[in-house]
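Student: I have a model open and want to learn how to read its features. Where do we begin?

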Amino acid sequence: MKTILYACHSEEDTVGTDILSEKQLLELIDYLATGLPAIYELRSENGFVLSMGIGRPFGCAQYVHQNWNPPYLVATTAEARQRGGGEVDFIYWDELTPMPMRRCVPLELIKKVAVHFLNTGERSDTVEWESI
């Protein structure tokens, strides 16, 4: 299944990066996590998008159809929901976008969600999905 990674920064990324293997995806996530926390999109040829906030030690994920119609599903875990208040800021289109801590999970979980999406175009059961 063809999957392309797009950066969601100050200029629209119309080309993206073809993701050809799990290894390439994981190396890219590790590299992106060394910079400022930011949002990236994995788009699958099946019509779905996995938006990922990549930062350290937390990331976030949203699963939605490319037409951006509901439902909007965001990744969470029981631990994340118990973490309480606070937010993590991710850069999205040149602006800081706050993500509640209850919707932030360890980056290692984001990697697992991303690999599953790469292989299937579907959302992973590694995390729970909350409709927003």
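Tutor: Begin with one residue. Ser44 lies in strand β3, residues 38–44. Helices (H or I, at least four residues) and strands (E, at least two) are DSSP runs, numbered from the N terminus. This is a predicted model: local features need pLDDT of at least 70, side-chain atom pairs count only at pLDDT 80 or more, and totals for chains, interfaces and linings use all residues. Residues are numbered from 1 along each chain as its sequence is written, and side-chain values use heavy atoms, leaving out hydrogens and water.

Student: Is Ser44 buried or exposed?

Tutor: Buried means under 20% relative accessible area, exposed over 50%, partly exposed in between (1.4 Å probe, protein chains only). Ser44 has a relative accessible area of 3%, so it is buried.

Student: Which residues does Ser44 touch?

Tutor: Contact means heavy atoms within 4.5 Å. Not counting residues up to four places away in sequence, Ser44 touches Met1, Lys2, Thr3, Gln66, Phe117 and Gly121.

Student: How do I read a helix?

Tutor: An α-helix has 3.6 residues a turn, so residues three or four places apart point the same way. Now take α1, residues 22–32: Leu25, Ile29 and Leu32 are buried there. Viewed down the axis of α1, its buried residues fall within an arc of 70°, so they line one face. That arc is taken from the directions from the helix axis to the C-beta atoms. Lys23 and Tyr31 are exposed, on the face of α1 turned away from its buried side.

Student: What covers the buried residues of α1?

Tutor: The cover includes β1 (3–7), β2 (17–19), β3, β4 (48–54) and α3 (107–120).

Student: What about a loop residue?

Tutor: Try Arg102, in the loop between β8 (95–100) and β9 (105–106). Its relative accessibility is 35%, so Arg102 counts as partly exposed. Gly84 is 18 residues from Arg102 in sequence, yet 6.7 Å away in space, C-alpha to C-alpha. Leaving aside neighbours within four places, Arg102 contacts Thr76, Ala80, Arg81, Gly84 and Glu130.

Student: And the whole chain?

Tutor: Count elements, then check size. The chain has three helices and 10 strands. Its radius of gyration is 14 Å, close to the 14 Å that the globule rule gives for 132 residues, so the chain is as compact as a globular protein of that length. The radius is taken over C-alpha atoms; the rule is 2.2 Å times the number of residues to the power 0.38. Of the 132 residues, 45% count as buried.
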